[in-house]
Amino acid sequence: YNPVKVIKTDNWLPELKKRMQQLNISSPIIVTSSGNRKRLKLESQFDGYSIFSDVGTNPTFDTCENAVEFCDGKIFDGVIALGGGSVMDLAKVVMAHLCLGKSDIYELIEYKGKFSQTISSIFLPTTHGTASEVTMWGTVWNMKEKKKYSISHPSLYPSVAILDGNLTLSLPLDISISTVMDALSHSFESIWNKKANHTSTDFAISAICSILENGPALKENLDDLDTRNNLLKAATVAGLAFSNTTTAAAHSMSYPLTIHYGMPHGVASSISLIPLLEINGKLIKEPLDRICNNNELTYDELKETIKAIP
């Protein structure tokens, strides 16, 4: 199950305006990063009064509270998220606030009842890793407690996800590779997940095969748009896989590494990937055979290819 309408384009702004019109969004809040706000000249397209861009590396409780406060006294009829995982996860907190009218972050995270109203949303990822554009989850960090929380609700699936590789071209090498490894972790974790099904596994295999082909190519040429588009699609397809299975051990182990040691999420979520693959390999032989056959790799070559991407 996944209700998000996924659209591929090579010109994100006209597509965004078109989808806003279809969803009857006339007064949206724009959740983005300060870098994207400036780089994409968003204030030339949207009212600066409606743009929230005070977003750090990870969405913290403080950032969420600031975003909720930003909404006070304003009337928004839609949410547009334009950024990486932190931006999109924060946008889901904003969606919950606008739908429920609650301001306490704990209440928004813990609320599992039926939303009294819903709000249309359009997500445009600017990294090829998180896949928050096709899931109902958002990660929120409480830095005082040194604890990671998740906001999750079926009403937090975005209405539309717009994929345009042009939005990823400004990513530096380290973030580009880190997000690729996050998508690879999503894919493998959905295969060896106890909730795996044939459809999710097919999505995951497709994503892995593309990442194995395009990940190394990205290091050779960061400006290759075809490679960027392929990796963006792979990350979203991986999201379609784990949106039904959830993640597993690699991500569970990653959160303490991030919150206690500041390790970037993509690095933290993939650092255990090879050991976990060795542990789970015999239990997922058929999917592994398909991956190896598709990419003309032996099992040992598969591991070496994964190691060579970072």
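**Exercise 1. A contact from helix H7**

Task: In this predicted model, find which side chain is joined to that of Asn 214 by a polar contact, and give the distance.

Solution.
- Start with the place of the residue: Asn 214 belongs to helix H7.
- Check its burial. The relative accessibility of Asn 214 is 7%, so the residue is buried.
- Now take the contact. The side chain of Asn 214 meets the side chain of Asn 230 in a polar contact of 3.1 Å.

**Exercise 2. The geometry of H7**

Task: Test whether the end-to-end distance of helix H7 (residues 198–220) agrees with its expected span. Then locate its kink and describe the contact at its start.

Solution.
- Count the residues: H7 has 23.
- The expected span uses 1.5 Å times one less than the number of residues. That gives 33 Å for H7.
- Compare with the model. The end C-alpha atoms of H7 are 34 Å apart, which agrees.
- Look for a bend. H7 has a kink of about 30° at Leu 212, shortly before the proline Pro 216.
- Go to the start of H7. There a side-chain oxygen of Asn 197 comes to within 3.0 Å of the backbone nitrogen of Thr 199.

**Exercise 3. Two pairs of positions**

Task: Give the C-alpha separation for Ile 208 and Ala 235, and for Asn 244 and Ser 270. Place Ile 208 and Asn 244 first.

Solution.
- Ile 208 lies in helix H7. Its relative accessible area is 0%, so Ile 208 is buried.
- Ile 208 and Ala 235 are 27 residues apart in sequence. Their C-alpha atoms are 9.1 Å apart in space.
- Asn 244 lies in helix H8 (residues 225–245). With a relative accessible area of 31%, Asn 244 is partly exposed.
- Asn 244 and Ser 270 are 26 residues apart along the chain. Their C-alpha atoms are separated by 20 Å.

**Exercise 4. The open sheet**

Task: Work out the strand order of the six-stranded sheet, name its edge strands, and follow the pairing around S8.

Solution.
- The six strands form an open sheet, ordered S1-S8-S5-S4-S2-S3, with parallel pairing.
- The edges are S1 and strand S3 (51–52), each of which pairs on one side only.
- Begin at S1. Strand S1 (residues 5–8) runs parallel to S8 and is joined to it by four bridges. One partnership links Lys 8 to Leu 163 in S8.
- Move to the next neighbour of S8. Strand S5 (residues 120–125) is parallel to S8 and joined to it by two bridges. Here Phe 123 has Ala 161 in S8 as its bridge partner.
- Step on from S5. Strand S4 (residues 78–83) pairs with S5 in the parallel sense over six bridges. Ala 81 stands opposite Phe 123 in S5.
- Now inspect the faces of S8. In a regular strand, side chains alternate between the two faces of the sheet.
- In S8 (residues 160–163), Val 160 and Ile 162 are on one side, with Ala 161 and Leu 163 on the other. All of these are buried, and both faces of S8 are covered.

**Exercise 5. Aromatic rings and charges**

Task: Count the aromatic pairs, classify the pair Tyr 106 and Tyr 149, and find the charges over rings at Phe 46 and Tyr 49.

Solution.
- The count is nine aromatic pairs.
- For Tyr 106 and Tyr 149, the ring centres are 5.8 Å apart and the planes lie at 85°, so the pair is edge-to-face.
- Tyr 106 is in helix H5 (residues 105–110) and Tyr 149 in strand S7 (residues 147–152), so the pair ties together parts that are 43 residues apart in sequence.
- Compare burial. Tyr 106 is partly exposed at 29% relative accessibility, whereas Tyr 149 is buried at 15%.
- Extend the pair. Ring pairs link Phe 61, Tyr 106 and Tyr 149 into a cluster.
- Finish with the charges. The charged end of Lys 17 sits over the ring of Phe 46, 5.6 Å from its centre. Lys 74 lies over the face of Tyr 49, 4.8 Å from the ring centre.

**Exercise 6. Positive phi**

Task: Locate Lys 146 and Glu 296, and state the phi of Lys 146 and of Glu 296.

Solution.
- Lys 146 is in the loop between strand S6 (137–142) and S7. Its phi is positive, about 55°, although Lys 146 is not a glycine.
- Lys 146 is partly exposed, at a relative accessible area of 41%.
- Glu 296 is in the loop between helix H12 (285–294) and helix H13 (299–308). Its phi is positive, near 55°, and the residue is other than glycine.
- Glu 296 is exposed, at 72% relative accessibility.

Definitions and conventions
Residues numbered from 1 in each chain as written. Predicted model: local features only at pLDDT ≥ 70, side-chain atom pairs only at ≥ 80, totals over all residues. Heavy atoms only, no water. Buried < 20%, exposed > 50% of the residue type's maximum accessible area, 1.4 Å probe, protein only. Pairing = 2+ DSSP bridges. Phe/Tyr/Trp six-rings, centres within 6.5 Å; stacked < 30°, edge-to-face > 60°. Lys NZ or Arg CZ within 6 Å of the ring centre and 35° of its normal. Bend = angle between axes of the 7 residues up to and from the residue. Polar contact = N/O pair within 3.5 Å; in protein donor to acceptor, adjacent residues only side chain to side chain.
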